[in-house]
Amino acid sequence: MGSVGDTKDSRPVDKRNRPLHDLRISLTDRCNFRCTYCMPKDVFGPDFAFLPREELLTNPEIIRLAGLFVQCGVSKIRLTGGEPLLRSDLDPLIQSLSRMDGVEEIALTTNGSILTEERARRLKAAGLSRINVSLDALDDAVFQKMNDVHFPVQKVLAAIEAAKGARIAPVKVNMVVRRGWNEDQIVPMAEYFRGTGTILRFIEFMDVGNSNHWRYDEVVSAKEIVTTIGKVWPLEPVAPNYQGEVATRYRYVDGKGEIGVIASVTQAFCGDCTRARLSPEGKLFTCLFRDTGPDFRALLRQGSSDDDILDVIRQTWRMRDDKYSEQRSELAGRVHKVEMSHIGG
Ligand code: SAM
Ligand code: SF4
Ligand code: SF4
């Protein structure tokens, strides 16, 4: 029997009446970048203990779990990390997930560092529907200071072109804005992507994890970002594509496309949050700001039946009451949270 508010017994809703629609799967906790706002080197240095390979979910384990999440209402899957392209068995995984009944969309978030034209074509052929490439600046010195591994802008721009060339559409670019680091790149980035069909999305610097030295005064608000761009090229709001869309959309009045702003800090959108997150070792997180969740790898490896696993998914979702972003001022600095590089964006 479903809890009050469930639309169907098989599709749970949580305590705030939010259904389960999206599953973000983090494929690895490793990354070849050390973005200062995500994996700062003082914590993620040479001695950092990443998960051993045998602790990661295998492709068959991910596929089985994803199928069960689909039975609970999931229709969109995003693959993330760490850096998901570091996983060499990515193509067959995408192929299986994209062929699954009930899955409408398979998306990927990547830093683009190893996305060649050939790899982009393979991802598209496997069934990838959408891609987000992260890029925080057009200026090489600023970008290299942020990725902290001397990675050049040009290679990420080439990756964006590779994704477009492979017709993975739409391509979106994620830019985290951190005051004192890259706010002077807002206008150059907008200028570069205006009129190209690529949608640039500005993300407020978030207090994810425990190690990124987050400070409120380093958050550049979505409002400030929109005002900054609007002074150069007037903008007007656009209705969301669907309820619960993370980015607030604006279009250039002169018809040169649109941008998005993700105001997770200054305008919490927990009320519409329908996202579950699976960690590389198979734990389910019902919020980006939690520190743990039920262990599905243990269930899989101890031989649990599909029904047993479905029960755990549904019960976990029904108990969900997360709203960290609405409670940030009370909770910031007082709760332990999973790292963003472990659970993905
Ligand atoms: N490595 C891939 C990448 O960078 O695209 C995928 C994983 S990364 C954790 C996913 C997204 O989270 C990226 O767009 C990244 O910029 C964003 N992100 C990481 N740390 C963040 C923070 N502190 N605040 C806001 N966004 C953050
Ligand atoms: Fe790596 Fe992505 Fe985190 Fe940067 S944001 S360190 S690319 S996981
Ligand atoms: Fe969802 Fe948690 Fe973010 Fe709120 S804080 S939008 S519940 S992930």
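What share of the contacts in the protein with a separation of 6 or more comes from residues 24 or more positions apart? The share is 73%. This report describes a predicted model.

**Overall build**

The protein has 345 residues, and a compact globule of that length would have a radius of gyration near 20 Å. The value for the protein is 19 Å, which agrees. The C-alpha trace spans about 55 × 40 × 40 Å along its principal axes. Of the 345 residues, 56% are buried. The secondary structure amounts to 11 helices and 11 strands.

**A buried residue in β1**

Ile25 sits in strand β1, which covers residues 22–26. Is Ile25 buried or exposed? Its relative accessible area is 1%, and buried means under 20%, so Ile25 is buried. Neighbours within four places in sequence aside, Ile25 touches Ile62, Ile77, Arg78, Leu79, Thr80 and Leu278. Asp217 is a separate matter. It is 192 residues from Ile25 along the chain, and the two C-alpha atoms are 31 Å apart.

**Two helices in contact**

Helix α2 takes in residues 90–98, and helix α3 takes in residues 117–126. Their axes come within 8 Å and cross at roughly 25 degrees. Angles under 35 degrees count as roughly parallel, so α2 is roughly parallel to α3. Which residues of α2 and α3 make the contact? From α2 come Leu90, Asp91, Ile94, Gln95 and Ser98. From α3 come Arg119, Arg122, Leu123 and Ala126. By class, this contact holds 4 nonpolar, 2 polar and 3 charged residues.

**Surroundings of two ligands**

Ligand 2 is surrounded by Cys31, Phe33, Cys35, Cys38, Met39, Gly82 and Asn111. Three of the names in that list are cysteines: Cys31, Cys35 and Cys38. How many charged residues does the shell around ligand 2 have? It has no charged residues, with 5 nonpolar and 2 polar ones.

Around ligand 3 lie Phe269, Cys270, Cys273, Arg275, Arg277, Cys287, Leu288, Phe289, Arg320, Asp322, Tyr324 and Ser325. This shell divides into 7 nonpolar, 1 polar and 4 charged residues. Cysteines appear here too, namely Cys270, Cys273 and Cys287. Arginines include Arg275, Arg277 and Arg320.

The class counts for the contact and the shells are set out below.

| Site | Nonpolar | Polar | Charged |
|---|---|---|---|
| Contact of α2 with α3 | 4 residues | 2 residues | 3 residues |
| Shell around ligand 2 | 5 residues | 2 residues | no residues |
| Shell around ligand 3 | 7 residues | 1 residue | 4 residues |

**Backbone details**

Most residues other than glycine have a negative phi, and most peptide bonds are trans. Some places in this model depart from that pattern.

The peptide bond from Ala169 to Pro170 is cis. Its omega is near -5 degrees. Pro170 belongs to the loop between α5 (153–165) and β5 (171–177).

Asn17 is not a glycine, yet its phi is positive, at about 70 degrees. Asn17 falls in the segment before β1.

His150 also has a positive phi, near 60 degrees. His150 lies in the loop between α4 (140–147) and α5. Is His150 buried or exposed? Its relative accessibility is 64%, and exposed means over 50%, so His150 counts as exposed.

Notes
Residues are numbered from 1 along each chain as its sequence is written. Chains are lettered from A and ligands numbered from 1 in the order in which they are written. This is a predicted model: local features need pLDDT of at least 70, side-chain atom pairs count only at pLDDT 80 or more; totals for chains, interfaces and linings use all residues. Side-chain values use heavy atoms; hydrogens and water are left out. Axes are lines fitted to C-alpha atoms, for helices over the stretch in contact, and angles run from 0 to 180 degrees between N-to-C directions. Helices (H or I, at least four residues) and strands (E, at least two) are DSSP runs, numbered from the N terminus. Angles under 35 degrees count as roughly parallel, over 145 as roughly antiparallel, 65 to 115 as roughly perpendicular and the rest as oblique. Contact means heavy atoms within 4.5 Å. Ala, Val, Leu, Ile, Met, Phe, Trp, Tyr, Cys and Pro count as nonpolar, Asp, Glu, Lys and Arg as charged, and the others, Gly among them, as polar. A residue is near a molecule or strand if one of its heavy atoms lies within 4 Å of it. The radius of gyration is taken over C-alpha atoms; the globule rule is 2.2 Å times the number of residues to the power 0.38. Buried means under 20% relative accessible area, exposed over 50%, partly exposed in between (1.4 Å probe, protein chains only).
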